[in-house]
Amino acid sequence: MAAISALFSGLLFGFGLIIAGMSNPAKILAFLDITGQWDPSLLVTMAIAMLISAVAFGIAKQRKSSLLHCDIQIPTKTVIDKKLVLGSLLFGIGWGLAGICPGPAVLLTGAGQWQGIIFTFAMVLGMWIFQRVHQPK
């Protein structure tokens, strides 16, 4: 049942990205171009996603396990530290340069788009390097 739920959730997420235009790097770059031909349409997508997530997190906080009886792991860290700021800067630079972020990258990779494949490869390589550098000693 968990695999079917994961498949359904992934498909729903992917279709949402496609319908909202978040799989189109040109649309993302137009959204990020606040000094030029700014396209604010993705702001609506983000606002609705944040609203739905806030409701879902509120419900999840009241439960001991998920509907599939898995542990619920809600982040508790609220400190804005140097690692968070640096990571956010790196994410923003990558997003601005490529017009792709992790979710749409996986979608583009699955569709066989070379931009998604390169981005996903670089993202996985970066995660691997981070783990190698920051291994507990």
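The protein chain contains 6 helices and 0 strands, and when read along the sequence it follows the pattern α-α-α-α-α-α. The coordinates are those of a predicted model, and the values reported here are to be read as computed from that model. Taken along the principal axes, the C-alpha atoms of the protein chain fill a box of roughly 45 × 40 × 30 Å. Of the contacts in the protein chain with a separation of 6 or more, 37% are accounted for by residues 24 or more positions apart.

With respect to the surface, the protein chain exposes about 10700 Å², of which carbon and sulfur atoms supply 72%. Buried residues make up 15% of the 137 residues in the protein chain. The charged side chains comprise 9 positive and 4 negative ones, and the centres of these two sets lie 13 Å apart.

The aromatic side chains were examined for ring pairs, and the count comes to 3 aromatic pairs. In one of them, the rings of Phe 31 and Trp 38 have their centres 6.4 Å apart, which lies within the cut-off of 6.5 Å; their planes stand at 35 degrees, and the pair is therefore classed as tilted, since this angle is neither under 30 degrees nor over 60. Phe 31 is buried, because its relative accessible area of 10% is under 20%, whereas Trp 38, with a relative accessible area of 39%, falls between the limits of 20% and 50% and is therefore partly exposed.

A further aromatic pair is formed by Phe 91 and Trp 95, with a distance of 6.1 Å centre to centre and 40 degrees between the planes, and this pair is likewise tilted. Both residues belong to helix H4, which spans residues 82-98, and because Phe 91 and Trp 95 are 4 residues apart in this helix, they are separated by about one helical turn. Phe 91 counts as partly exposed at 42% relative accessibility, while Trp 95, at 15% relative accessibility, counts as buried.

Taken together, the ring pairs link Phe 31, Trp 38, Phe 91 and Trp 95 into a cluster. Within this cluster, Phe 31 is a buried residue and so is Trp 95, whereas Trp 38 is partly exposed, as is Phe 91.

Key. Residues are numbered from 1 along each chain as its sequence is written. This is a predicted model: local features need pLDDT of at least 70, side-chain atom pairs count only at pLDDT 80 or more; totals for chains, interfaces and linings use all residues. Side-chain values use heavy atoms; hydrogens and water are left out. Rings of Phe, Tyr and Trp (its six-membered ring) pair if their centres lie within 6.5 Å; planes under 30 degrees apart count as stacked, over 60 as edge-to-face and the rest as tilted. Buried means under 20% relative accessible area, exposed over 50%, partly exposed in between (1.4 Å probe, protein chains only). Helices (H or I, at least four residues) and strands (E, at least two) are DSSP runs, numbered from the N terminus. Contact means heavy atoms within 4.5 Å. Accessible areas come from the Shrake-Rupley method with a 1.4 Å probe; for residues, only the protein chains shown count as cover. Lys and Arg count as positive and Asp and Glu as negative; His and the chain ends are not counted. The place of a charge is taken as NZ of Lys, CZ of Arg, CG of Asp or CD of Glu.
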